[in-house]
Amino acid sequence: MIIDGKAMATEVEADSRSRVERLGFGPGLATILVGDNPASRMYVKIKHAACDRVGICSVNVNLPEDADETVILETIESLNSREDVNGILLQLPLPGGLDPSRAMSAIAPEKDVDGFHPLNMGFLLAGAERLVPCTPKGIICALERLGVDLVGTEVVIVGHSNVVGKPLAAMMLNRNATVQVCHVYTRDLAEHTRRAEVLVVAAGVAGLIKKNMVREGAYVFDVGINKVADKVVGDVEFESVLKVAAGVTPVPGGVGPLTVSMLLSQTVDAAEMQMETWMEKEKEKR
Ligand code: NAD
């Protein structure tokens with residue numbers, strides 16, 4: 001089975017749209033794009049178009065390529081204090097190898113719709129998920145929709161980045177799966193991947209996972225995005241792995257749309273939480 005991430009994302013979007021209608025106002029999402037990287041520009045455009053579909057008001061702050069950390073931090077500060085901005089997203093990577101960690105920590109935790117703030121990461125690790133990274137959340141959402149019970153399930157994750165592998169491992173543990181995380185230094189990768197009932201691959205290496213590395217009946221999530229001869233491909237040899245797996249996500253049309261749909265739903269989550277806090281404060285005033 002091809003796991004149709006795009007169709008699932010459309011359902012999540014419809015749900016976000018209804019939640020926006022119930023809120024009675026369009027939540028605001030601000031994106032910050034530093035420089036002019038064409039791929040980053042395209043990702044920001046995709047996110048804004050998705051916002052339009054569900055009634056989220058998006059704004060983009062475009063900073064010049066040579067913007068230093070102070071300028072980025074000032075931009076974040078001003079967005080933190082804007083009432084019409086419920087979510088803030090800093091598009092990565094930053095130009096010139098600028099370390100994004102200070103900027104990530106400067107985003108108000110309640111507006112951190114990408115889930116990278118250390119406080120939100122800490123909540124995730126402590127098993128009290130709030131706003132979490134969108135790609136892992138999209139994979140969990142897809143597994144729920146497929147009806148996969150994660151309790152005791154053998155999950156193998158290839159890739160241990162802060163964006164995908166590490167937060168996903170925490171989310172899987174929070175759901176009582178048995179988790180194994182592999183990376184570039186893992187010896188005999190196939191020995192681990194062959195054990196997986198759920199295999200998630202986020203390495204950024206085209207064709208890394210072949211048919212003989214996949215357990216029969218496994219669900220395979222291909223996070224990788226690689227450009228090979230002008231075509232976008234994942235990390236999994238799609239056609240051959242499809243023959244042994246219970247389901248595989250295509251690239252494009254799999255994990256990518258799910259990730260964007262999670263960004264929208266978390267922006268609505270953030271707006272709902274901020275409204276609750278505001279209402280509590282108003283009650284206290286009376
Ligand atoms: P990264 O580039 O920060 O790290 C790569 C990870 O893969 C590391 O843990 C590394 O040790 C591991 N790795 C690299 N080569 C390996 C090998 N040969 N064998 C085993 N492990 C290996 O990772 P990232 O930022 O998580 O991105 C991974 C891929 O996922 C990239 O292609 C990226 O573009 C894509 N991505 C897609 C989405 C989406 O929404 N679809 C979101 C995030 C990232």
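Student: What is the relative accessible area of Arg82?
Tutor: This is a predicted model, where local features need pLDDT of at least 70 and side-chain atom pairs pLDDT 80 or more, while totals for chains, interfaces and linings use all residues. Residues are numbered from 1 along each chain as its sequence is written, and side-chain values use heavy atoms, leaving out hydrogens and water. Buried means under 20% relative accessible area, exposed over 50%, and partly exposed in between (1.4 Å probe, protein chains only). Arg82 is partly exposed because its relative accessible area is 35%.

Student: Which residue does Arg82 meet in a salt bridge?
Tutor: A salt bridge needs a side-chain nitrogen of Lys or Arg within 4 Å of a carboxyl oxygen of Asp or Glu. The partner's relative accessible area is 48%, so Asp84 is partly exposed. At 3.0 Å from N to O, the side chain of Arg82 meets that of Asp84.

Student: How far apart, N to O, are the side chains of Arg195 and Glu191 in their salt bridge?
Tutor: Arg195 counts as partly exposed because its relative accessibility is 34%. Glu191, at 40%, is partly exposed too. Their side chains meet at an N to O distance of 3.5 Å.

Student: Which residues do salt bridges with shared partners join into one network?
Tutor: Look for salt bridges that have partners in common. The residues joined in this way are Arg19, Lys137, Asp269 and Glu272.

Student: Are Arg19 and Asp269 buried or exposed?
Tutor: Their side chains meet in a salt bridge at 2.5 Å, N to O. The pair links distant parts of the chain, 250 residues apart, with Arg19 in helix H1 (residues 5-23) and Asp269 in helix H10 (residues 255-285). Helices are DSSP runs of H or I with at least four residues, strands are runs of E with at least two, and both are numbered from the N terminus. As for accessibility, both residues are buried.

Student: In S10, which residue is the bridge partner of Val220?
Tutor: Two strands pair if DSSP finds at least two bridges between them. Strand S7 (residues 219-222) pairs in the parallel sense with strand S6 (residues 198-201) over four bridges, and Val220 is the partner of Leu199 there. S7 also runs parallel to strand S10 (residues 247-248), joined by two bridges. In S10, Val220 has as its bridge partner Val248.

Student: Which helix gives the largest share of the nonpolar patch?
Tutor: Such a patch joins nonpolar side chains (Val, Leu, Ile, Met, Phe, Trp, Tyr) within 5 Å, from residues with over 30% relative accessible area and no salt bridge; like charges would be joined within 9 Å. Here Met42, Tyr43, Ile46, Ile225 and Val232 form the patch, with about 430 Å² of accessible area together (Shrake-Rupley method, 1.4 Å probe; for residues, only the protein chains shown count as cover). Met42 counts as partly exposed because its relative accessibility is 43%. The largest share, three residues, comes from residues 38-54, helix H2.

Student: How much of the ligand's accessible area does the protein cover?
Tutor: The ligand is surrounded by 19 residues (each with a heavy atom within 4 Å), and the closest are His160, Ser161, Val184, Ile225 and Thr259. Among the polar contacts (N or O pairs within 3.5 Å), a polar side-chain atom of Ser161 lies 2.6 Å from a ligand oxygen atom. Thr259 has a side-chain N or O atom 3.0 Å from an oxygen atom of the ligand. Of the 860 Å² that the ligand has on its own, the protein covers 71%.

Note on methods
A polar contact is a pair of N or O atoms within 3.5 Å; within protein, one must be able to donate a hydrogen and the other to accept it, and residues adjacent in sequence count only if both atoms are side-chain atoms.
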